[in-house]
Amino acid sequence: AAARAHQHPRGAPAGGLHYPEDAMSKVTFKVTLTSDPKLPFKVFSVPEEAPFTAVLKYAAEEFKVPPATSAIITNDGVGINPQQSAGNVFLKHGSELRLIPRDRVGGC
């Protein structure tokens with residue numbers, strides 16, 4: 001009877017990987033700032049369900065660049081539509097991304 005007490009209510013074996021019901025799966029991105037010659041980068045994890053617009057805004061703020069005029073692209077230079085979940089971006093494009101602040105493009 002003591003052995004059964006250590007099992008997860010759903011029958012997962014003791015010591016197995018099981019997460020609390022409220023824990024969300026996370027994805028990790030490494031975002032490089034392309035406008036800086038030193039190419040600094042930041043690594044952060046976000047919930048899979050997070051809107052990618054929030055990831056873009058957070059990354060821009062971390063690099064102290066304006067989020068409204070920034071874009072995130074892949075290492076191959078492919079633009080990423082932010083109107084999707086972070087998990088979707090991770091599955092399609094992987095974890096290594098680039099942030100492009102566009103505040104100096106065009107303008108007078």
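## Sheet

In this predicted model, four strands form an open sheet with mixed pairing, in the order β2-β1-β4-β3. Its edges are β2 (41-47) and β3 (70-74), each of which pairs on one side only. From one strand to the next, the twist averages 35 degrees.

Strands β1 (residues 26-33) and β4 (residues 96-101) run parallel and are joined by four bridges. Within this part of the sheet, V31 has L97 in β4 as its bridge partner.

## Helices across the sheet

Two helices are described here by their position against the strands. Helix α2, residues 52-62, lies across β1, β2, β3 and β4. The direction of α2 is at about 105 degrees to β3.

Helix α3, residues 86-93, also lies across β1, β2, β3 and β4. For α3 the angle given is to β1, at about 70 degrees.

## Surroundings of L99

L99 belongs to strand β4. This residue counts as buried because its relative accessibility is 0%, and the cut-off for buried is under 20%.

Neighbours within four places in sequence set aside, the contacts of L99 include V31, T32, L33 and T34. L99 also touches L56, A59 and A60, together with F63 and V65. S70, A71 and I72 are further contacts of L99. V31, one of these contacts, is the residue whose bridge partner in β4 is L97.

F41 lies 58 residues from L99 along the chain, and the C-alpha atoms of the two are separated by 9.3 Å.

Terms used. Residues are numbered from 1 along each chain as its sequence is written. This is a predicted model: local features need pLDDT of at least 70, side-chain atom pairs count only at pLDDT 80 or more; totals for chains, interfaces and linings use all residues. Side-chain values use heavy atoms; hydrogens and water are left out. Two strands pair if DSSP finds at least two bridges between them. Axes are lines fitted to C-alpha atoms, for helices over the stretch in contact, and angles run from 0 to 180 degrees between N-to-C directions. Contact means heavy atoms within 4.5 Å. Buried means under 20% relative accessible area, exposed over 50%, partly exposed in between (1.4 Å probe, protein chains only).
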